[in-house]
Amino acid sequence: MTERKLRSPDHRARPRSAVTLIAGLVLVLVGVACSGAGGGGGGGATTITLGSVDNPSMTDLKKLVPDFESAHSGIKVNIVTLPEDQIRQQVTQDVATQSGRFDLFTIGTYEVPLWANKKWLENLDPYIAKDSAYDPGDLIPGIKTALTYKGNLYAVPFYGESSMLMYRKDLLAAKGITMPDHPTWDQVAAAARAVNSPNVNGICLRGLPGWGEQLAPLDTVVNTYGGRWFDMNWNAQLNSQQWKDALTFYVKLLKDAGEPGAGSAGFTECLNAYNNGKVAMWYDATVAASFFTGDAAKNSGYAFAPTKVKDWSGWLWAWTLAMGSASKKKDAAWTFMDWATSKDYAKLVGTKLGWARVAPGTRTSTYSIPEYKAASAGFAQVTLDSISHADVTHATVDSVPYVGIQYVDIDEFQQLGDQVSQEFAKVIAGNQTVDQALQKAQALATDVGKKYQH
Amino acid sequence: MAILRSVVGSGGARGSAASVSRRESWARRLPLLPAFIYAFVLTQIPFALTVYYSFFSWNLLKPGSFRFAGLENYAGLVTDEHVRTAVWNTVLLTVSVITISVVLGMAVAMLLNSEVFGKGIMRTLMIAPFLIMPTAGALIWKHTLLNPLYGLLPYLLKPFGLGRVDWVGQFPMVTVVTVEVWRWTPFMMLIILAGLQSQNPEVLEAARVDGANALQSFRRITLPLVRPFIELGALLGSLFVVQTYDSIYMLTYGGPGEDTTNVPFLLYLVAFQGYSIGQASAIGVVAVIITIIVATFALRTLFTIFQVEARR
């Protein structure tokens, strides 16, 4: 203690203020702990509620809702926008309890067949039949297959994607490399290692845990290496040589020529790295190309998803609009779905917000609009061809009892995929070996497989 | 939390309750009743429902799976490897965060209690981490400070060859503990500072005259005086650190592997990735019981301080 002045008598009052302070802190903490989220609702003529994921295409839809409302005066549209994992939880709880809070919601190709099977979704075929202009035959084949359950459409696509390889032509050319349109993973790995330098890494691949993040590209690698999650009798196959080869390849490529901190790099991080010229190649969703700026926009080349054994290894994902079977405003809800996924909607987005903003991957006719073709010159054809060839029912070399390319279309996969990808993230971080991770993953998958064996 | 409130309420009234008549005591309680009912409805009914669901096997994704399961869910907790990992992680996280933040909080409080230049500004700055939203704080740590591509720390450490270290991925628990310590040190500092300021400087002065050095007077005089404050800070802190969720969700999502999955985060995963309502409820009930035990100790310490203050 240094020398200090004697305090004046009024400091005697301090103890009480100390207690007040602590009591106040406790109250604040109790208040924070008890406060929760509240819900809201609205009344009116016919208000339909859409639970929506917060991707750019849906943000654009929100902007164009006034156009819809002025054309259909009896219908008001209330859009609840949330990030992907949260909207998934909210909508799942809503439909599972059949409470009918959402008339419409955005769900992915993963949910559509599962939820149709549980009768949580309204069959859309009778509604589509009523509108002669809708033309369901115009929907891109790969997407349409993924949204069909027992011959009927249960959701309509709003946005679709496959995966492709994006690369900086200038950086590869500097090393004398030209990328073929249909590269193999060995070619890609060789190119990545050749261009890798302290300032520019060879390739960006997702390592962020999550079945929709890291597992999406990794699963397509496993598929083309000949691996599968389950055999026809639901025996887990993660301890197979194919899985081991694929995971070893993925992890080693990341270690040798991947982005730093791969374990926490997802779509956003890779986009950032590619746009800033920190990586020369990137294997990810076809939509990524529409977010490129600067050098990335000028000098990028696009190739189909790299392969090993199986050709056409690109994934398939679509955000779709689906109607809850518990909705009480089905006709109004369909009117909105019809409008938002019609041929004319693409033109509306193009003229009002710009042609680069048109949601890709839903309708073949979109790809014949000259303005859209001009705005997406480099990647439109790769996107369309990849989606058309992506087949959720035949994604693996050996036959499997499930559908899905970069996921297994069963209820348990969300949790299984998340847990397994966490183990793989630990391998990427260097905290365990490929064998250890696959052994744990095999045990997790075996537990899930057992549920389907009788 | 309602338990906390009701204990505080009854504790204060106990002394005089015996001497007033029944009618009078009801007349006193009546205005409090709406608040009590409000708190009861909002906190105890969901809790009762959680207890109820914990005896059922119910997966939201499986229509028709709702069936009575007895103690199956609780039995599952004892044997489940994931639960054991989560409990261990919770203990590790809580103990290290509380220990480190008490030590740091004590040091900063001592500093702020002495006559240093710019004390007011320093105190305000020190409290800041506690006032920043946990989610925002965790995001700043993850992206602005620790991101290996564009983060500040890897940039500063580049000359030392540590520019490509993925802190969140390679040292997940260290990262979470660091962020939580950053958040809880101000809390400990405030409480300990309150204790230090109630110290009578004349006693220290006397000790100095008697020839005690700084270390001796700290150990023999200051430390015993602020001990109840440290205990209170540690217990209140553990109550909230046990429930850490925001920063784990934002920083590591419980990973890699299960390296940072604590009990609240496991509950989240079981409830919202697995949609197993019954199992998640059982975890919730056990977590509440553990928290109540810690809270009881915290409240007892709090009352000890109040009683000591009242006697003065």
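Below is a chat between two coworkers about this predicted model.

Colleague: Before I look at details, what is the mean pLDDT of chain A, and where does pLDDT stay under 50?

Modeller: The mean pLDDT of chain A is 87, with 90% of its residues reaching 70 or more. It stays under 50 over residues 1–16 of chain A, for which the model has 13 contacts beyond four places in sequence, and also over residues 25–43 of chain A, where there are nine such contacts.

Colleague: OK, on to the sheet in chain A: what is the strand order?

Modeller: Four strands of chain A make an open sheet with mixed pairing, and their order is 8-9-7-10. Strand 8 (201–204) and strand 10 (300–304) of chain A are the edge strands, each pairing on one side only, and the twist from one strand to the next averages 20°.

Colleague: And strands 7 and 9 of chain A, do they pair in the parallel or the antiparallel sense?

Modeller: Strand 7 (residues 163–168) and strand 9 (residues 279–285) of chain A pair in the antiparallel sense, over five bridges, and within that pair Leu165(A) stands opposite Tyr283(A) of strand 9.

Colleague: Which residues have the most contacts inside the largest nonpolar core?

Modeller: That core has 139 residues, and those with the most contacts inside it are Leu104(A), Ala155(A), Met166(A), Ile203(A), Met281(A) and Trp282(A). Helix 10 (residues 241–257) of chain A gives the most to this core, namely eight residues, and at least three residues come from each of domain 1 (46–160 + 317–375) and domain 2 (163–315 + 410–450) of chain A.

Colleague: What does Met281(A) touch?

Modeller: Leaving out residues up to four places away in sequence, Met281(A) touches Leu165(A), Met166(A), Tyr167(A), Val188(A), Ala191(A), Ala192(A), Gly202(A) and Ile203(A). There is also a second, separate core of 59 residues, which includes Leu61(B), Trp141(B), Phe265(B) and Ile283(B).

Colleague: Changing topic, which phi does Lys150(A) have, and where is its place?

Modeller: Lys150(A) has a positive phi of about 50° although it is not a glycine, and it lies in the loop between strand 4 (148–149) and strand 5 (152–153) of chain A. Most residues other than glycine have a negative phi.

Colleague: Is Lys150(A) buried or exposed?

Modeller: Lys150(A) counts as exposed, because it has 9 C-beta neighbours inside 10 Å and the cut-off for exposed is 12 or fewer.

Colleague: How about Tyr253(B), buried or exposed?

Modeller: Tyr253(B) is buried, because 25 other C-beta atoms lie within 10 Å, and the cut-off for buried is 20 or more. Tyr253(B) has a positive phi of about 55° although it is not a glycine, and is found in the loop between helix 13 (246–251) and helix 14 (263–272) of chain B.

Terms used: Residues numbered from 1 in each chain as written. Chains lettered and ligands numbered in written order. Predicted model: local features only at pLDDT ≥ 70, side-chain atom pairs only at ≥ 80, totals over all residues. Pairing = 2+ DSSP bridges. Helix = DSSP H or I, 4+ residues; strand = E, 2+ residues; numbered from the N terminus. Axes fitted to C-alpha atoms, helices over the stretch in contact; angles between N-to-C directions. Core = buried A, V, L, I, M, F, W, Y, C linked by C-beta atoms within 7 Å. Domains from an automatic or database assignment. Contact = placed C-beta atoms within 7 Å. pLDDT = per-residue confidence, 0-100.
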